[in-house]
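These are my notebook entries from an afternoon spent looking through one structure. I wrote down each thing as I looked it up, beginning with the surface.

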Amino acid sequence: MKASFTCALAKLRRKKVPNLFLGICILLTAALLVNALILLKELDTVFDRAYEEMDGPQICCLWSGEVILPDAVRQYLDGQKGLLYQITENTKTIDYIEKDGTRLSNGILLELPERINSDMLSPKMLNGEEPDMPGKNEIWITTKIANILGLAVGDSVSLQLADKAVTVSVAKIVADPVFGSSSTNVYRMWCGSGRLSEFPLAENNTVSYLEIRFEEYSRQMEQNFIHDAEEYFKLPLGDTLYTYERIRSGYTAAYQMVGGGAVLCKRGPRGYDCRTDFISGQERHG
């Protein structure tokens with residue numbers, strides 16, 4: 001009888017031990033999930049505060065100038081109240097930027113406006129630097145590009161445009177308030193005003209880049225703007241827009257879901273389609 005009782009007690013103990021470990025695992029997992037949710041909420045707050053201080057754009061869009069003339073977009077935006085905007089008409093897509101065998105695809109070279117200052121929506125100067133215009137065979141790159149490729153001011157880097165490469169010098173490293181996150185694989189660079197034509201022909205040089213910042217931002221205001229613009233231009237804009245929510249998620253999320261519409265054009269059998277490109281949430285080294 002005593003032996004049977006001892007055997008039954010041993011079985012019960014063996015059964016309780018795995019259950020105990022399972023309970024501990026469940027408690028630890030729940031604690032980690034709660035901490036993760038708190039961290040994400042705190043990250044959102046930190047990002048919102050930092051972005052407000054940077055005065056970066058809250059909507060950006062890359063579209064074909066052959067479909068809608070930049071002047072038509074400019075005329076429409078001039079009639080809107082409560083927003084600031086910046087249009088870059090002259091751009092060229094970069095097949096890849098390369099340094100010592102490391103390549104970054106999904107690049108776009110933009111021409112700076114005639115007058116550059118610290119109030120531009122992008123790029124942003126670092127440490128109170130003065131925005132000196134890049135000269136011949138010089139470009140500005142972002143901190144993101146500099147960190148990945150290990151570049152410093154004065155270094156040389158190769159740009160591949162269509163079937164021709166060109167070597168340029170890094171004149172300045174600036175901040176990109178939209179695509180500075182490691183989870184977005186769009187790389188922007190800037191050349192001096194009037195110097196884009198000095199670079200080789202690209203697969204696409206008819207796209208224009210738009211950035212918008214609302215004086216008083218709200219998600220409802222953003223959605224109303226998108227709806228009204230779609231009604232005015234008679235075009236769906238969903239796949240061409242990079243909204244504030246996507247800008248923020250690019251900085252605060254470890255991964256992004258594959259399939260979100262990107263602002264960069266996609267190369268197809270008939271050239272580039274400015275409304276069907278997709279990006280993943282990882283850096284792309286081509």
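**Entry 1, surface and overall make-up.** I looked up the exposed area first and found that the protein exposes about 16,000 Å², of which carbon and sulfur atoms supply 55%. I kept in mind from the start that this is a predicted model. Of the 286 residues, 43% count as buried, and the protein has five helices and 14 strands. I then turned to contacts with a separation of 6 or more, and noted that residues 24 or more positions apart account for 71% of them.

**Entry 2, confidence.** I checked how far the prediction can be trusted, and found that the pLDDT averages 77, with 72% of the residues scoring at least 70. Among the elements, strand 5 (residues 138–142) has the highest mean pLDDT, 96, whereas strand 14 (residues 278–279) has the lowest, 28. Over residues 36–40 the pLDDT is below 50, and this stretch has one contact in the model beyond near neighbours in sequence. Residues 254–286 also stay under 50, and for them the model has 94 contacts beyond four places in sequence. I reminded myself that predicted coordinates should not be read in detail where pLDDT is low.

**Entry 3, a sheet and its helices.** In which order do the four strands of the open sheet lie? I read the order as 2-9-1-10, with antiparallel pairing. Strand 2 (83–88) and strand 10 (241–243) are the edge strands, each pairing on one side only. Neighbouring strands of this sheet are turned by 15° against each other on average, direction ignored. I followed one pair more carefully, and saw that strand 1 (residues 59–64) and strand 9 (residues 207–214) are joined in the antiparallel sense over six bridges; in this pair W63 stands opposite S208 of strand 9. Helix 2 (residues 70–78) packs on the sheet, where it touches strand 1, strand 2 and strand 9, and its direction makes about 170° with that of strand 2. Helix 4 (residues 219–233) packs on the sheet too, touching strands 1, 2, 9 and 10, with its direction at about 145° to that of strand 9.

**Entry 4, a lysine.** Is K172 buried or exposed? I located K172 in strand 7 (residues 164–174), and I count K172 as buried because its relative accessible area is 10%, which is under the 20% limit. A polar atom of the K172 side chain lies 3.2 Å from the backbone oxygen of E130. Leaving out residues up to four places away in sequence, K172 touches several others, among them M125, E129, P131, D132 and W140.

**Entry 5, unusual backbone angles.** I went looking for exceptions, since most residues other than glycine have a negative phi, and most peptide bonds are trans. A cis peptide bond joins S122 and P123, with omega about -10°, and P123 has its place in the loop between strand 4 (102–111) and strand 5. N137 belongs to the loop between strand 4 and strand 5, and its phi is near 60°, a positive value in a residue other than glycine. N137 is partly exposed, with a relative accessible area of 38%. A162 is not a glycine, yet has a positive phi of about 55°; A162 sits in the loop between strand 6 (156–161) and strand 7, and is partly exposed with a relative accessible area of 23%.

Technical notes:
Residues are numbered from 1 along each chain as its sequence is written. This is a predicted model: local features need pLDDT of at least 70, side-chain atom pairs count only at pLDDT 80 or more; totals for chains, interfaces and linings use all residues. Side-chain values use heavy atoms; hydrogens and water are left out. Helices (H or I, at least four residues) and strands (E, at least two) are DSSP runs, numbered from the N terminus. Buried means under 20% relative accessible area, exposed over 50%, partly exposed in between (1.4 Å probe, protein chains only). Contact means heavy atoms within 4.5 Å. Accessible areas come from the Shrake-Rupley method with a 1.4 Å probe; for residues, only the protein chains shown count as cover. Two strands pair if DSSP finds at least two bridges between them. Axes are lines fitted to C-alpha atoms, for helices over the stretch in contact, and angles run from 0 to 180 degrees between N-to-C directions. pLDDT is the predictor's confidence in each residue, from 0 to 100. A polar contact is a pair of N or O atoms within 3.5 Å; within protein, one must be able to donate a hydrogen and the other to accept it, and residues adjacent in sequence count only if both atoms are side-chain atoms.
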